[in-house]
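Subject: Structure handover

Dear colleague,

I am passing on to you the structure we spoke about, and I would be grateful if you could look through it at your own pace. My notes on what was found follow directly below it.

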Amino acid sequence: MKDEATLRGEKLLERIEALETRLAALERREKERRPGAALGSYRVGYGNDLHRFTDGSSLRLGGVTIPYCHSLLGHSDADALLHAIADAILGGAGLSDIGEFFPDTAEENRGRDSVEILALCVEEAARAGWRVVNLDCVVCAQQPKLGPLKKAMRDRIAAVLDLPPDCVSVKAKTGEHVGPVGRMEAIETFAVALLAPIESDPEKERDDA
Ligand SMILES: [Zn+2]
């Protein structure tokens with residue numbers, strides 16, 4: 001005859017086993033939906049871009065228009081920061097790069113607002129099952145001085161990605177007067193994005209079934 005404590009212990013074990021079975025089933029479903037992904041897994045994406053200066057009176061960086069004695073040369077609006085971010089997000093989601101999604105030979109991309117390009121890349125990542133957790137970016141420019149504009153760029157990017165501003169970091173560096181950045185020939189950008197799976201809601205799925 002088992003005593004009460006033993007019976008309680010056995011019941012507890014049964015419940016733990018049932019929960020483990022349920023968790024394994026959830027993880028299996030996640031893997032089926034997105035090969036390579038499991039519950040709680042994260043991905044990192046990396047992006048880099050460079051645009052040369054050309055004649056003009058303003059340039060676009062981080063979705064912000066900056067008055068300056070030159071513009072950046074590009075098929076779209078040449079926003080090197082948003083391009084690096086878009087590539088980091090696509091890369092993290094395992095989706096190639098913006099050159100493939102928005103070719104510079106396509107007429108519809110001429111002069112295109114890169115805010116729109118970034119928003120579409122976020123949608124592509126979401127379709128693949130991924131959302132952005134946070135971004136860390138570096139803009140390398142000898143001129144113009146970007147220090148006072150870092151917050152405006154960060155806030156704009158956070159708004160486009162629907163993230164709290166403290167989940168986006170924009171840092172500004174000079175080129176130390178060497179290389180294409182330091183000689184004021186170009187602006188170069190770097191971005192790292194952390195992506196998390198868009199969690200399915202088991203309760204909702206059960207209701208939908
Ligand atoms: Zn670019």
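In this predicted model, five strands form an open sheet in the order S4-S1-S7-S5-S6, and the pairing within the sheet is mixed. Strand S4 (70-72) and strand S6 stand at the edges with a single partner strand each, so one side of each is left without a neighbour in the sheet. From one strand to the next, the twist averages 25 degrees. Helix H2 packs on this sheet, where it touches S1, S4, S5 and S7, and its direction makes about 155 degrees with that of S1.

Two of the pairings involve S7, and I describe them in turn. Strand S1 (residues 43-55) runs antiparallel to strand S7 (residues 186-197), and 10 bridges join them; along this pairing, valine 44 stands opposite leucine 194, while aspartate 49 stands opposite threonine 189. Strand S5 (residues 130-140) also pairs with S7 in the antiparallel sense, over 10 bridges, and here cysteine 137 has alanine 191 of S7 as its bridge partner.

There is also a hairpin to look at, made of strand S2 (residues 58-61) and strand S3 (residues 64-67), which pair in the antiparallel sense over four bridges. Serine 58 stands opposite proline 67 in S3, and between the two strands lie two residues, with glycine 62 taking a positive phi near 60 degrees.

Turning to the interior, the largest nonpolar core has 42 residues, of which Leu81, Ile85, Ala86, Ile89, Cys121, Cys137 and Val139 touch the most other members. Two or more residues of this core come from each of S2, helix H2 (80-92), helix H4 (114-127), S5, helix H5 (150-161), strand S6 (168-173) and S7, and H2 gives the most, with nine residues. If you would like one residue to start from, isoleucine 85 touches Gly47, Leu118, Leu135, Cys137, Ile157, Ala191 and Ala193, when residues up to four places away in sequence are not counted.

For the chain as a whole, the secondary structure comes to seven helices and seven strands, which follow the pattern α-β-β-β-β-α-α-α-β-α-β-α-β-α when read along the sequence. Of the 209 residues in the chain, 30% are buried, and among contacts between residues at least 6 apart in sequence, 71% join residues at least 24 apart.

With best wishes

Methods: Residues numbered from 1 in each chain as written. Predicted model: local features only at pLDDT ≥ 70, side-chain atom pairs only at ≥ 80, totals over all residues. Pairing = 2+ DSSP bridges. Core = buried A, V, L, I, M, F, W, Y, C linked by C-beta atoms within 7 Å. Buried ≥ 20, exposed ≤ 12 C-beta atoms within 10 Å, placed from the backbone. Contact = placed C-beta atoms within 7 Å. Axes fitted to C-alpha atoms, helices over the stretch in contact; angles between N-to-C directions.
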